[in-house]
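Biologist: I would like a close look at one part of this model, the surroundings of the ligand, and after that a walk through some residues in the rest of the chain. Please give the cut-offs as you go.

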Amino acid sequence: MNDFSDKKLDYKQYVVDSKLRYFKPHATKIEKSFAEEISFSLSQNSKFINPKFFYDSKGSSLFESICLLPEYYPTRTELGILKNLESDLLPFLDEQTKLVELGSGASVKTRVLIDIFTKLQTKTEYFPIDISEILTESSEQLLKDYGTLHITGIIDTYEGGLEFLKNYDEKKNLIIFLGSSFGNFTPTNGEAFLKNIFSTMKSGDLFLIGLDLVKEKNILESAYDDSADITAQFNLNVLSRINNELDADFDLNNFSHYSIYNEIDQRIEMNLKSLVSQSVIISKSNLLLNLEKNELIHTEYSHKYQVNQIKKILCDAGFEIKKMWLDDKKYFSLTLVSKN
Ligand SMILES: C[S@@+](CC[C@H](N)C(=O)[O-])C[C@H]1O[C@@H](n2cnc3c(N)ncnc32)[C@H](O)[C@@H]1O
């Protein structure tokens, strides 16, 4: 039994047709880890909820709405950079290169890269990895639009997906991680995550990472606290998800969205603020949660970077920098690195 079939045992496989299949961990494993992680993170002195739990189907759809907000510059800026990198990227690709995406979401920006791949290749293989079921909708849509595309979706964490694809085959991979999702990691966890990616890559594989750059505080704060309150709904929705899936009784009226830019640590800090002193039962996590008035539950960091910091963290993880692209305003960056 090779490594791949060994790993497949941890997943349920759903074959839709010859061009589309998914792998997903068994349902009991997913529910157990959600309940246990929430039990742990909400029992700490500084309470937190891992941002990966934002993305139930409502959370994923709210995120798509965020991407269209006038204040949310990252999506359109990164898309603009992607649209201009074809001639720079082509020399790094070949007929066999597979496209692997961490946190693919609706795969909207990915289409620019799929355009480049499908022009070059007779058959293009795309491996989206996302914890959210949105992956199935976006994959079906992509297959309607690209006749030569073959999709293997992995509905799991980044780490699970990377482990699944390690030693998958001998073909070269371009792994992409867009939307500055890497900025959700603390610096220590980010460093470990990059080393993990590096260790799963074969010599010659490539990694393309999109990272948001440091800019004026008011631009950053508006992007994460928009005037239509969509980001607030997105943040609060994680409590609805816990209510629905873990039998909890959060009253959303007792919480508000609280997001600030911390200039010293170069990050947006997103929290849910408890508006009253309250107790919440989370049955499936076996937890009675007591919150003080004004106590914060931390939900997401979104780190911002200077260009020299990006180069340093990538080089420290062992990567060789091949290219870096910025938009005209220097709001956002894309960096292509290799393992050589
Ligand atoms: C901020 S969205 C970015 C989506 C898309 N890449 C973009 O740039 O617009 C993050 C995506 O990653 C997924 N995600 C978040 N944390 C994850 C994790 N730990 N493992 C796997 N997927 C994750 C979410 O479901 C969501 O689709």
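Biologist: Which residues does UniProt list for "domain: Histidine-specific methyltransferase SAM-dependent"?

Modeller: UniProt lists residues 35-338 for that domain, in an unreviewed entry; the positions follow the numbering used here, feature names are shortened, and annotations of this kind may be inferred rather than shown by experiment. This is a predicted model, in which local features need pLDDT of at least 70 and side-chain atom pairs count only at pLDDT 80 or more, while totals for chains, interfaces and linings use all residues. Residues are numbered from 1 along each chain as its sequence is written, and side-chain values use heavy atoms, with hydrogens and water left out. Over residues 35-338 the model is 37% helix and 25% strand, and the end C-alpha atoms of the span lie 37 Å apart; helices (H or I, at least four residues) and strands (E, at least two) are DSSP runs, numbered from the N terminus.

Turning to the ligand, 15 residues surround it, and those that come nearest are Tyr55, Gly103, Lys109, Asp130 and Tyr158, where being near means having a heavy atom within 4 Å of the molecule. The shell is made up of five nonpolar, six polar and four charged residues; here Ala, Val, Leu, Ile, Met, Phe, Trp, Tyr, Cys and Pro count as nonpolar, Asp, Glu, Lys and Arg as charged, and the others, Gly among them, as polar. Asp130 places a polar side-chain atom 2.6 Å from an oxygen atom of the ligand, whereas Gly103 brings a backbone N or O atom to 2.7 Å from a ligand nitrogen, and Tyr158 likewise has a backbone N or O atom 2.9 Å from a nitrogen of the ligand. The ligand taken alone exposes 590 Å², of which the protein buries 92%, with areas from the Shrake-Rupley method and a 1.4 Å probe.

Away from the ligand, Asp205 sits in the loop between α9 (187-200) and β7 (206-212), and because its relative accessibility is 1%, Asp205 counts as buried (under 20% relative accessible area, against over 50% for exposed and in between for partly exposed, with a 1.4 Å probe and protein chains only). A polar atom of the Asp205 side chain lies 2.9 Å from the backbone nitrogen of Lys202.

Backbone geometry adds two further residues. Most residues other than glycine have a negative phi. Ser180, although not a glycine, has a positive phi of about 55°; Ser180 belongs to the loop between β6 (173-177) and α9 and is buried because its relative accessibility is 4%. Gln266, in the loop between β8 (255-262) and β9, also has a positive phi, of about 50°, and counts as buried because its relative accessibility is 15%.

Two C-alpha pairs can be set side by side. Leu275, in the loop between β9 (267-274) and β10 (278-282), is 19 residues along the chain from Asn294, and their C-alpha atoms are separated by 5.6 Å. Ser240, in helix α11 (residues 230-246), is 19 residues along the chain from Ser259, with 19 Å between the C-alpha atoms.

As for the cysteines, the structure holds zero disulfides (pairs of cysteine sulfur atoms within 2.5 Å). Cys67 counts as buried because its relative accessibility is 13%, whereas Cys315, at 41%, counts as partly exposed.

Terms used
Polar contact = N/O pair within 3.5 Å; in protein donor to acceptor, adjacent residues only side chain to side chain.
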